[in-house]
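Please look through the sequence and the structure shown here before reading on. The report that follows takes up the structure part by part.

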Amino acid sequence: MIRFVTGNEGKVAEAREYLPTEVEQVEYDYAEVQSDDLETIVRRGAREAYEELGAESGIFVDDTGLFVEALDGFPGPYSAYVEDTLGIERVWELVENESNRKAAFRTVLAYYDGDDLVTFEGSVRGRIVAPRGEDGFGYDPIFEHDGSTFAELSTEEKNAISHRGRALAAFADWLAEQE
Ligand SMILES: O=c1[nH]c(=O)c2ncn([C@@H]3O[C@H](COP(=O)(O)OP(=O)(O)OP(=O)(O)O)[C@@H](O)[C@H]3O)c2[nH]1
């Protein structure tokens, strides 16, 4: 069993589809340091969460950002704050009149078991579109890849191509090597 320290149930559902081991969700709000670099944020978060929650099993954290080219990478590491404040409709409106609507999602996972602190990264390119689709979470309805928004895909289909799916695949390989 490993613990996934997150308040986001969408992330947990995706991790459970992918990882070969039992995933327990733990809601602990680790400090997200202000940084442009997702890796710095998760490294600190994984250590802090492990030290706070105890050593019963390894823990991992996930930090994800949507990086919009025309907005110089905004909202990036501030994606959760911007979703809560502006909301995704207004992010779409910011990009609507731009000729370049390219964007990328990036996820960095950090796993810590008191011994190894390892990170895994995944990213996917796409473009910002008017909201479509009912599934997924976060910015999924406005992120289009290969003709579909992520909110138009099942968890399995999204995992097969998404930023988090790629990071989880690398994490799963690493876990398998440890056995
Ligand atoms: O369209 C999306 N597809 C995804 O696959 C995805 N993963 C995260 N997000 C959103 O991007 C921000 C990241 O924030 P984030 O990594 O700080 O996570 P969070 O605050 O939701 O949870 P926690 O894990 O920190 O507790 C939040 O607004 C999330 O809703 C996604 N949006």
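## Helix α1

In this predicted model, the buried residues of helix α1 are G10, K11, V12, E14 and A15. What covers these buried residues includes the strands β1, β2 (23-26) and β3, together with the helices α5 and α6. The N-terminal end of α1 is capped by N8, which has a side-chain oxygen 2.9 Å from the backbone nitrogen of G10.

## Helix α6 and its residue R164

Helix α6 has 16 residues, which at 1.5 Å a residue should span 22 Å, and the end C-alpha atoms are 23 Å apart, so the expected and modelled values agree. Its N-terminal end is capped by S162, where a side-chain oxygen lies 3.4 Å from the backbone nitrogen of R164. Buried residues in α6 include H163, R164, G165, A167 and L168, and F171, A172, W174 and L175 are also buried there. The buried residues of this helix pack against the strands β1 (2-5), β3, β5 (102-112) and β6 (117-128), and against the helices α1 (9-18) and α5 (155-161).

R164, which lies in helix α6, has a relative accessible area of 2% and therefore counts as buried, the cut-off being under 20%. When its neighbours within four places in sequence are left aside, R164 is in contact with K11, E14, D62, T64, T107, F137 and K158. Of these contacts, K11 and E14 are among the buried residues of α1.

## The largest pocket

How much space lies in the largest pocket? The space comes to about 650 Å³. Of the 30 residues that line this pocket, N8, K11, E32, D63 and A80 are the closest to its centre. The elements that give two or more residues to the lining are β3, α3 (79-85) and α6 (163-178).

By residue class, the lining of the largest pocket divides into 11 nonpolar, 8 polar and 11 charged residues. Two of the residues closest to the pocket centre have already been met, since N8 and K11 are both in that group: N8 caps the N-terminal end of α1, and K11 is one of the buried residues of that helix.

## The loop that holds D113

D113 is found in the loop between β5 and β6, and its relative accessible area of 28% makes it partly exposed. Its side chain is involved in polar contacts with backbone atoms of the chain: a polar atom of the side chain lies 3.0 Å from the backbone nitrogen of D115, and the side chain reaches the backbone nitrogen of D116 at 2.9 Å.

Not counting residues up to four places away in sequence, D113 touches Y50 and G58. The C-alpha atoms of D113 and G58 are separated by 4.0 Å, although the two residues are 55 residues apart along the chain.

## Backbone geometry in the loops and at P75

Which residues other than glycine have a positive phi? One is D72, whose phi is near 55 degrees, and another is D146, with a phi of about 55 degrees. D72 lies in the loop between β3 (59-68) and β4, while D146 lies in the loop between β7 (143-145) and β8 (148-149). D72 has a relative accessibility of 76% and so counts as exposed, and D146, at 76%, likewise counts as exposed.

The peptide bond from F74 to P75 is cis, with omega near -5 degrees. P75 has its place in strand β4, which covers residues 75-76.

Note on methods:
Residues are numbered from 1 along each chain as its sequence is written. This is a predicted model: local features need pLDDT of at least 70, side-chain atom pairs count only at pLDDT 80 or more; totals for chains, interfaces and linings use all residues. Side-chain values use heavy atoms; hydrogens and water are left out. Helices (H or I, at least four residues) and strands (E, at least two) are DSSP runs, numbered from the N terminus. Buried means under 20% relative accessible area, exposed over 50%, partly exposed in between (1.4 Å probe, protein chains only). On a 1 Å grid over the protein atoms alone, a cavity is a set of points where a 1.4 Å probe fits but cannot get out, and a pocket is an open set with protein on both sides within 12 Å along at least five of seven lines; lining residues have an atom within 4 Å of a point. Grid points are joined across faces, edges and corners, and a volume is the space filled by probe spheres set on the points. Ala, Val, Leu, Ile, Met, Phe, Trp, Tyr, Cys and Pro count as nonpolar, Asp, Glu, Lys and Arg as charged, and the others, Gly among them, as polar. The expected span of a helix is 1.5 Å times one less than its number of residues. Contact means heavy atoms within 4.5 Å. A polar contact is a pair of N or O atoms within 3.5 Å; within protein, one must be able to donate a hydrogen and the other to accept it, and residues adjacent in sequence count only if both atoms are side-chain atoms.
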